[in-house]
Amino acid sequence: MPPTTRQQQRDQTRKHLLDTTVDCLVEYGYAGTTTQRIQDRAGVSRGALLHHFGSKEQLFVAAIGHIAELHLEQIKAAAEQMAPGKQAVPGLVEVLRKAMSGPNFLAGLELWMAARTDPRLRAALVPSERRIGKELWEVFSRSTGTASTGVRSAFEALLITLRGLALTGLLREDDHWSDEIIQARVRDLMAEVEATGTK
């Protein structure tokens with residue numbers, strides 16, 4: 001096995017820092033996730049941390065972007081296996097639901113809430129979130145074969161619903177209503193896709 005190159009070592013350290021940051025956000029929340037805590041938990045020096053990320057905001061946004069990219073790749077791979085058109089909607093919604101739930105997604109929610117009162121974090125977070133949102137829509141519209149205004153509105157309503165369910169799920173003991181709400185969104189999306197004439 002060939003020895004690890006310096007670039008590979010840098011890439012591994014960067015990924016380790018991103019994974020550690022997400023873990024800390026999940027465990028300690030935004031307020032409790034300090035750069036010192038990340039540094040200690042990752043087992044790296046201050047210099048190594050600053051070499052990869054010049055600010056706390058850059059580190060946080062890169063960490064959530066890292067998770068979002070992994071989820072996006074999973075969604076794209078799943079979409080490629082689905083027959084295009086209206087029949088793809090339930091499967092796409094289920095894949096999105098899995099991606100937009102669980103500990104890693106909650107780490108992102110921690111940053112969104114913090115960005116409400118932190119202008120620097122918001123400025124760093126918004127471009128990344130917009131890009132991911134755009135790519136998600138491109139996958140969905142390509143898979144369903146339509147990019148109509150009605151389908152776009154129903155898709156955005158789905159994303160808002162999924163984020164809300166992920167957040168309120170922390171206090172909910174019964175997921176029955178979550179399933180009912182998601183099925184309603186599926187019906188809305190399928191009706192909008194069908195209205196465009198897509199089979």
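**Exercise 1.** State which two helices flank the loop that holds T117, and whether T117 is buried or exposed.

*Solution.* T117 is found in the loop between α6 (102-115) and α7 (119-144), where helices are DSSP runs of H or I with at least four residues, numbered from the N terminus. The model is predicted: local features need pLDDT of at least 70, side-chain atom pairs count only at pLDDT 80 or more, and totals for chains, interfaces and linings use all residues. Residues are numbered from 1 along each chain as its sequence is written, and side-chain values use heavy atoms, with hydrogens and water left out. The relative accessible area of T117 is 59%. Exposed means over 50%, buried under 20% and partly exposed in between (1.4 Å probe, protein chains only). T117 is therefore exposed.

**Exercise 2.** Determine where the kink in α1 is centred.

*Solution.* Helix α1 (residues 6-32) spans only 32 Å between its end C-alpha atoms, whereas a straight helix of 27 residues would span 39 Å; the expected span is 1.5 Å times one less than the number of residues. The kink, of about 85°, is centred on V26. The bend is the angle between axes fitted to the seven residues ending at a residue and the seven starting there.

**Exercise 3.** Describe the aromatic pair formed by W137 and F155.

*Solution.* Five aromatic pairs occur in the structure. The pair of W137 and F155 is tilted, with 5.4 Å centre to centre and 45° between the planes. Rings of Phe, Tyr and Trp (its six-membered ring) pair if their centres lie within 6.5 Å; planes under 30 degrees apart count as stacked, over 60 as edge-to-face and the rest as tilted. W137 lies in helix α7 and F155 in helix α8 (residues 149-168), so the pair ties together parts 18 residues apart in sequence.
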